[in-house]
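Got your viewer ready? Load the model below and let's walk through it, one selection at a time.

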Amino acid sequence: MKNSFWILLIFVMAGCNQKTTENSNESDREKNQLALTQKLETSKTEVVLLPEAQEFTNEWLAYITAQSEIENLKNYTLNDVISNATPITEIMKSLQETVPARLQSNAVKARLGVLVTKSKILQQLAEKREPNPEGIAKTANELGLEWNNFKIQINELFLKTLEEFEEELDAIENDDEQSPNRTIPAPSKRPVDNRKSRDSIIIENL
């Protein structure tokens, strides 16, 4: 008789624990579903390409598409991010594969590698059966930040180093010594100190 009582008690306790766990899981799912309907909070800071850099990207279809998708993130809910995670990955891969020759540099390639990696992580998170809203929001924001870093690297390709500017000045001075009446042309670009080159890149707060 005693054994029957204890067995019955164990079954009752196990049933209660299972019901509590199920209720807890259901509550978590409801919270996640609600969180996924919230708008993604993105950084308002945007790097603006220099005019010279803009000329090259205006003809780069993959860049234009990627820029448009990054802009769209500002109006996406987390559910929208999940729906577009795979296309975003494909866009970033296309961007990596179609870099114009003028923009080829190790720094640019490195940033493109990071963009592709971040987009793949975002895709993996979006494909989970139970998506994690915090992880998706964090990765989507990181993708936007890396896009700005990528644009900074493009801008830096069009900034003259201090040494290049000094060489240009020396050449002008030498020409002037040889031709005293010669008019000195204005330098084509402003000098940029390597240590402060990033400060010369236009950044807007939207």
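Start with Arg-111, which is partly exposed at a relative accessible area of 22%; the scale is buried under 20%, exposed over 50% and partly exposed in between (1.4 Å probe, protein chains only). Add Glu-146, which counts as buried at 15% relative accessibility. Their side chains meet in a salt bridge, 3.2 Å from N to O; the rule is a side-chain nitrogen of Lys or Arg within 4 Å of a carboxyl oxygen of Asp or Glu. This pair links distant parts of the chain, with Glu-146 in helix H6 and Arg-111 in helix H5, 35 residues apart. Helices here are DSSP runs (H or I, at least four residues), numbered from the N terminus.

A word on ground rules: this is a predicted model, where local features need pLDDT of at least 70, side-chain atom pairs count only at pLDDT 80 or more, and totals for chains, interfaces and linings use all residues. Residues are numbered from 1 along each chain as its sequence is written, and side-chain values use heavy atoms, leaving out hydrogens and water.

Next, pick Glu-142 and Lys-118, whose side chains form a salt bridge at 2.8 Å, N to O. Glu-142 sits in helix H6 and Lys-118 in helix H5, so the pair ties together parts 24 residues apart in sequence. Keep Glu-142 and add Lys-138: their closest N and O atoms are 2.6 Å apart, another salt bridge. Both are in helix H6, four residues apart, or about one helical turn.

Now select Glu-46, Glu-71, Lys-74 and Lys-151, which salt bridges with shared partners join into one network. How many salt bridges are there by this rule? The count is seven.

Definitions and conventions:
Helices (H or I, at least four residues) and strands (E, at least two) are DSSP runs, numbered from the N terminus.
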